[in-house]
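Dear colleague,

Please find below the structure that I am handing over to you, followed by an account of what was found in it. I would be grateful if you would read the two side by side.

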Amino acid sequence: QVQLVESGGGLVQPGGSLRLSCAASGRIFNIYAMGWYRQAPGKQRELVATITSGGSTNLADSVKGRFTISRDNAKNTVSLQMNSLKPEATAVYYCNADVRTSSLSRANYWGQGTQVTVSS
């Protein structure tokens, strides 16, 4: 019904920057919150940042001041600008969206994930 496709992951040196993007497509009536989560090896998935349709943001304390989340409601996209990256940011990053697909149906969707590796 709804697909989320991430792009922009890769290998970056400590202190570097990466920009992740996620595009939602399919049967979309409305998208409420969108966000990014990450999962490092051996750890649970954790919230990185979320943004409402109105533009209100919530960022994990560990990334405040370095990461920025933004979205384009007209294009159904969400982006995560990551600056001053640290090795502990290494993880698979997942896009998430709370989507209404009809007047009676609303569900939470995940992308397939994109690997971010911060290493020298």
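Asp 98 and Arg 106 form a salt bridge in this predicted model, with their closest N and O atoms 2.6 Å apart. The two partners differ in their surroundings: Asp 98 counts as buried because its relative accessibility of 17% falls under the limit of 20%, whereas Arg 106, with a relative accessible area of 44%, is partly exposed. Side chains of opposite charge can pair when their charged atoms come close.

In total, the structure contains three salt bridges. Another of them links Glu 46 to Arg 38, and here the closest N and O atoms are separated by 2.7 Å. Arg 38 is buried, its relative accessible area being 8%, while Glu 46 is partly exposed at 37% relative accessibility. There is also a salt bridge between Asp 61 and Lys 64, whose closest N and O atoms lie 3.1 Å apart. Both of these residues, Asp 61 and Lys 64, are exposed.

I turn next to the disulfide. One disulfide is found when the whole structure is searched, and it connects Cys 22 with Cys 95 at an S to S distance of 2.1 Å. A disulfide is a covalent bond between the sulfur atoms of two cysteines. The link between Cys 22 and Cys 95 is left-handed, with -80° about the S-S bond. Because Cys 22 belongs to strand S3 and Cys 95 to strand S9, the pair ties together parts of the chain that are 73 residues apart in sequence. Cys 22 and Cys 95 are both buried.

Strand S3 also takes part in a sheet. Which strands make up this open sheet, and in what order? Its four strands follow the order S1-S3-S8-S7, and their pairing is antiparallel. Strand S1, residues 2-7, and strand S7, residues 67-72, are the edge strands, each of them pairing on one side only. On average, neighbouring strands of this sheet are turned by 15° against each other, direction ignored.

Between S1 and S3, which covers residues 18-26, there are six bridges, and the two strands run antiparallel. Val 2 has Gly 26 of S3 as its bridge partner. Glu 6 is partnered in the same way by Cys 22 of S3, and Cys 22 is the cysteine joined to Cys 95 in the disulfide.

In a regular strand the side chains alternate between the two faces of the sheet. Strand S1 shows such an alternation: the side chains of Val 2, Leu 4 and Glu 6 point to one face and are buried. Those of Gln 3, Val 5 and Ser 7 point to the other face and are not buried.

Tyr 109 brings several of these elements together. This residue is in strand S10, residues 106-110, and at 14% relative accessibility it counts as buried. How far apart are Tyr 109 and Val 2 in sequence and in space? They are separated by 107 residues in sequence, but by 7.2 Å from C-alpha to C-alpha. With its neighbours within four places in sequence left aside, Tyr 109 is in contact with Gln 1, Val 2, Leu 4, Cys 95, Asn 96, Ala 97, Val 99 and Thr 101. With Gln 1 there is in addition a polar contact between the two side chains, at 2.9 Å.

Finally, two backbone positions deserve a mention. Most residues other than glycine have a negative phi, and most peptide bonds are trans. Asn 76 is not a glycine, yet its phi is positive, at about 55°. This residue is placed in the loop between S7 and strand S8, the latter comprising residues 77-82. With 22% relative accessibility, Asn 76 counts as partly exposed.

Ser 84 likewise has a positive phi, near 50°, and is a residue other than glycine. It lies in the loop between S8 and strand S9, which spans residues 91-100. At 39% relative accessibility, Ser 84 counts as partly exposed.

Yours sincerely

How values were computed:
Residues are numbered from 1 along each chain as its sequence is written. This is a predicted model: local features need pLDDT of at least 70, side-chain atom pairs count only at pLDDT 80 or more; totals for chains, interfaces and linings use all residues. Side-chain values use heavy atoms; hydrogens and water are left out. Two strands pair if DSSP finds at least two bridges between them. Axes are lines fitted to C-alpha atoms, for helices over the stretch in contact, and angles run from 0 to 180 degrees between N-to-C directions. Buried means under 20% relative accessible area, exposed over 50%, partly exposed in between (1.4 Å probe, protein chains only). Contact means heavy atoms within 4.5 Å. A polar contact is a pair of N or O atoms within 3.5 Å; within protein, one must be able to donate a hydrogen and the other to accept it, and residues adjacent in sequence count only if both atoms are side-chain atoms. A salt bridge is a side-chain nitrogen of Lys or Arg within 4 Å of a carboxyl oxygen of Asp or Glu. A disulfide is a pair of cysteine sulfur atoms within 2.5 Å.
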